[in-house]
Every structure is written in structure tokens, then in C-alpha cells.
Amino acid sequence: MNAVSAYETSAAARIGGRVYPRRRRRIKGASIAVLVFLAMCAAFISIPLYVVIVTSFKTMDQIALGEVFSLPTTWTFEGWWKAWAEVCSGMTCEGVRHGFFISLAILFPSLFLSIALASVTGYALALWNVRWAGPFLFVLFMCAFVPFQIIMIPLVALTASLGIYGTIWAIAVIHAVLAMPLLTLIFRNFYKDVPPEIINAAIMDSGSFWRIFAEIILPMSGNIMIVVLILMITSVWNDFLIGLTFGGMGAQPMTVILANTVITERGEVHYNVDMAAALLTAIPPLVVYFGLGKFFVQGITAGAIKG
Amino acid sequence: MSPISIPRDRGLAMVFQSYALYPTKTVRGNLKFGLSAQRLDRGEIERRVAWAAQLLRIEPLLDRRPAQLSGGQRQRVAIGRALVKNVDVFLFDEPLSNLDAKLRTEMRLEIKKLHHDLKKTVVYVTHDQVEAMTMATRIAVMDGGVIQQIGTPDEIYERPANLFVARFVGSQPMNVFETTIDLTGNRVVATHRSTGVEMDLSDYSFIRQPATGMKVLVGLRPEHFSIGRPNGGKPAAIFDLPLRYSEKTGSDGTAFLAAADELLAVHVDHSQIGALRDGASVRAIFPADRFNLFDAETRSRI
């Protein structure tokens, strides 16, 4: 293989007895501009991130010197520990740890509700003859453009009348409902590409809406589930407004606790603790990215259809 | 059947052209899912899956997924998924069209055997006339969604109802040319225009009474010609024409004879094909009982 290609290259290079040197790729002006632009974009993210990370490991004494870019002289986890377990948010002094577990408790029902709702709706719209499917999808899509802020107060009244206001269920339901337009669209478009013969065969074999969904369609949805999971975990975990509005006093997620911690601090501002708390809050979605990214699997329908 | 009956209750099983196997299920899972509409106990399901697997020789593949199977194996699984249902009517939608020629010939025989053993009705859609001729008990030839003729393979081949069927069936297409019927005494004759050869149609069983001056299309199947000497049967037309070129297919071949501006395709036996020389004159004899006549206007059999 190598010998052959080497032979071909040398033959090609010596056409007509002349040797044509391989053209060298040069960095042109345009690509320099692009590189500078990209470097600036990266710097905008990475420089503040660097400051946050180094500050979280510094002692308060070093922070008092004001050299924000310097590395910690003595690396300490004191700020991290305080942020996790001791820092005060309003009246309670349990650290952001308390919020972490509430966020987890919000995350799972939110994920389950939103994905269950959207995948079944998408499946019905894509693969079954649903009357008014087109207009329904259009209306659903329009709902995606309604700003959350303008329906917030009616939703508070609604959850209160359902008796779930101030619980994780209120937050989970609101997440599921607000995510539904986008997720339904994603699922519908994914299921549109399921070969029609498969669904026809399944309808002839079983005919049961739920059974086809559970046994045929759901196992084929691996790819899209990962995409939706990453999307939803990030948005649910990073959400502040829904948690603040619907969590009441008892079900405030980590982001709300973090904000309370930073905002309500009195006297000396513990920058290392604040930075560590912010990082602790930001880490879980990152873990999800790196963890789930590996499971992007290709060719989930391989072998179902010839070719 | 009421118009609202849903597909699973129609007592049908279908084999799709693309197989449409469930990609995430094993072969066993695929076969079992075929039974999910029928409420059967576990033992019966196992028994049927085992029976179909044994019949189609896919037992070693039961725990594989479709992606791990070859085309022919997927084909068998797709048939198996229909078989386990034990219904009265099977629908096959061009099931062999995705297979290569050799495998297609093998599977054709398999399906034919299966049909013979099961004694169930199979509606089999195909574009391949060889499949149709070899497998069918009855063929419906369709053109543009309209049924042209329904009959046994022999009827379709021997007595095509119209020109479309006549041209469609037969591996080497039928020679067709237009001519006029002449009644002389008690004989019915027609002349091959470009060569002037007279054809005796007296033995043809006319559906309609022939009349002088009637415009007809005469169809001569290449395989009914005999070369040199008449091969049994009464000779009705004798063509002495130069050979333009010939095609050999190993066991036999086709000679294309130059008849003025058109070509006359003639089937040649293995023993004679070696003697053919381009440009040399060949005597092709057509027997009296093998003509196909069609109305020049309506193109249907007369």
C-alpha cells in the first residue's frame, strides 16, 4: 500500500521529466484574522475562568493583596470546603451542598417528565396519522417563542392551585412544559427519519401504539436521547429563574442558593469561597458533557434496511 | 372486511422489499414481535419461533441482530417473521429484488418449496418475469395499475391476452410485426412484409372470425423457431435470412436475422450455435401451432 502510493506520488511528480515541488500551505492574511478572532473569543471565556479557578484556591490573605492573575502561593481547599458545607445562604449555614441535593431532586423528575412527554408526542406526530398534526406542531412551535416572563405569574397561580407550588414538582412540571416545544420538535424530526417500512411492519405485527413505542422506537432513540439529555441537564441545572420563582422556600436549587450566598454576604467578602461555590455549581453539567459525550453512537438503524 | 379494520386484524402477514427488520431486536425478538398482536402463551410462541427458524434454517442466527446478518439471512428472517403468524394470506413485496442473482435463484426455490409445504395463499409482487413464471400458480400481469391478464404461467405464456403481456413475458422478447390477413380458399395466410415470406395461419385457433384485409400483429417467440429442419409440428413459415449477429449464453443462444430493415430474433440450440457465421444464410422454420395474433387497433388477442 505504502510502496504503491509512494510510487504513484513519484510518478505524478515527475510528469514530463520536470519535478513539480509539492505546494506548501501558507498561513494567509485571512486565516490570521480568523485565528486572532478565535483567540480573542477564547480569551474572553478562559481569562475570567482562570481567575475564578485560581482565586478559589487562594487564601484570603493572598486575595487581599489584589493580584488577581497570580497563582496561589499556598494552594488550599479551605474555600472549597467552606463553600460546600459551611457558607451561609440567608438563615441557614449549610453551604451549597444543600442546594446540590435539591438540584438533583429537581433534575430527575424534570428530565423524566420532559423527555417522556416530548418523545411520545414526537413519536405520535411523526409516525402515526394524527389529525391536525401540522397545525398542532405549528402552535407548539409558536409557544417556543413566548417569553417565560410574561406567563410567569399565571403559572405561579396555576401551580399554587394545583397545590404543588414550592415543591420540586412545581419546578419539574414547569421545566417539562417549557421544554416541550423544542424537545417535541427534536424528537419528531428524529422519528421522521425512521424508515416507514419499519413502522408499517410494526403496525401489522402489533398495532399497539405503546408497545411499538416501547419495544421498537425507544430502543432506536439512543442518539437523540443523549442529545436531549445533555440539553435538558444543562438547562435544568443552570436554571435560576424557574427555581427562584416556583421553588418557594423549600425547593431552591443550587443556583438560587449560590446567588443568595454571594448576595447576602456581610462584612468581609470571601472571594475564594464565592468562586469555589460558583465552580461547584457549574461542575455537574461539565461532568455530564464529558461523561455522555462518549455514548454518541452511530448507525443505530444499521441492518434494518438493505443498503 | 369492514373498511375500518386495522392492519393487525386482517389476518395478513407481509414481507417487505427492504425487509424492515427491527434493528434493535435480535432475530428471535423480531420473530416474537410478529406474534405480539396474537395473544399466545409462551410455549406456543417458542414453538412457532422454533418451527419457523428450523424451516428457514436460521436457528444459529436467533440471537444475532439484523446488522450482523447477510442479505439472504435478513431475507429469511423477514419471511420468518411473516411465517410465525400462521395466517391465511401472505403478502410478498418484491422480497428478492435486493439480493444478488445467485442468491435470488436459491431463495426463489426456497420460497417455492415453502409455498408448496405451507399450502397458504401468497400474493407475490415482482418485476422479475422469471420469478413470476417459476413460482406462481396464477399470475396477474399489470400495466400502470390495470390488470392485463390473469392466468396460470402456461396460459400467460402460451396465450397472452394482449400485446403488452406477450411482450412482457418471455426472456427474449417476442418478434412482433404488422401484417394483413388473407383468406384464400380454406386457408388463412399472412405475409411477412419486409421479406415477403408467407405464413400459414390456418391452424391458429381464432377467437374472432378472421376476414380478408384484417390488420393484425403477428407475434413469433424466438424459442419456437427451429433451425434448418422442422422440429416436429407442421411448418407454417420458412425464413431464409442472412445472420446479422448472434448472442451466446453458454447453453444456447439467440441469432438475429436481418429481415430488410428489422431484425428477427431466433433461438438457437447449443448443438447448432457453433455453426453460425455472420452473414451466412440461416433457415428458420416456425411451427403452425405457435402463432400469437393481436388486433392491430386494440392490441388484444384475436
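**Exercise 1. Identify the salt bridge that joins D205(A) to chain B, and place it within the interface.**

Solution. Step 1: the side chain of D205(A) pairs with that of R81(B) in a salt bridge, with 3.5 Å from N to O. The term denotes a side-chain nitrogen of Lys or Arg within 4 Å of a carboxyl oxygen of Asp or Glu. The model is a predicted one, in which local features need pLDDT of at least 70 and side-chain atom pairs count only at pLDDT 80 or more, while totals for chains, interfaces and linings use all residues. Residues are numbered from 1 along each chain as its sequence is written, chains are lettered from A and ligands numbered from 1 in the order in which they are written, and side-chain values use heavy atoms, with hydrogens and water left out.

Step 2: D205(A) and R81(B) belong, together with K85(B), to a network of salt bridges.

Step 3: the rule finds three salt bridges across the interface of chain A and chain B. Helices α9 (196-205) and α10 (209-217) of chain A each supply at least two residues of the side of chain A that touches chain B. Helices (H or I, at least four residues) and strands (E, at least two) are DSSP runs, numbered from the N terminus. Of that side of chain A, α9(A) gives the largest share, eight residues.

**Exercise 2. Describe the extent and composition of the contact between chain A and chain B.**

Solution. Step 1: chain A contributes 24 residues to the contact and chain B contributes 24 residues. Contact here means heavy atoms within 4.5 Å.

Step 2: the size of an interface is often given as the accessible area lost when the parts come together. Between them, chain A and chain B bury about 2100 Å², and 61% of this is on carbon and sulfur atoms. Buried area is the accessible area (1.4 Å probe) that two parts lose on being put together, summed over both.

Step 3: seven residue pairs, both residues at pLDDT 80 or more, are in polar contact across the interface of chain A and chain B. A polar contact is a pair of N or O atoms within 3.5 Å; within protein, one must be able to donate a hydrogen and the other to accept it, and residues adjacent in sequence count only if both atoms are side-chain atoms.

**Exercise 3. Determine which parts of chain B are tied together by the pair E110(B) and R57(B).**

Solution. Step 1: the closest N and O atoms of the salt bridge between E110(B) and R57(B) are 2.9 Å apart.

Step 2: E110(B) lies in helix α4 (residues 101-118) of chain B and R57(B) in the loop between α2 (42-56) and α3 (71-83), so the pair ties together parts 53 residues apart in sequence.

Step 3: E110(B) is partly exposed at a relative accessible area of 22%, and R57(B) is partly exposed at 48%. Buried means under 20% relative accessible area, exposed over 50%, and partly exposed in between (1.4 Å probe, protein chains only).

**Exercise 4. Analyse the salt bridges of R290(B) with E158(B) and of E198(B) with R187(B).**

Solution. Step 1: R290(B) and E158(B) meet through their side chains at 2.9 Å, N to O. This pair links distant parts of the chain, 132 residues apart: R290(B) is in the loop between β14 (281-287) and β15 (292-295), and E158(B) is in helix α6 (residues 153-158) of chain B. R290(B) is partly exposed at 29% relative accessibility, as is E158(B) at 35%.

Step 2: for E198(B) and R187(B), the N to O distance is 3.6 Å. E198(B) lies in strand β8 (residues 197-200) and R187(B) in strand β7 (residues 187-192) of chain B, so the pair ties together parts eleven residues apart in sequence. E198(B) is partly exposed at 44%, and R187(B) at 34%.

Step 3: over all chains, the count by this rule is 16 salt bridges.

**Exercise 5. Characterise the surroundings of S110(A) within chain A.**

Solution. Step 1: chain A has 14 helices and zero strands, and 40% of its 307 residues are buried.

Step 2: S110(A) is in helix α5 (residues 97-127) of chain A and counts as buried, at 0% relative accessibility.

Step 3: a polar atom of the S110(A) side chain lies 2.7 Å from the backbone oxygen of I106(A). Leaving aside neighbours within four places in sequence, S110(A) is in contact with I171(A), A172(A), H175(A) and V236(A).
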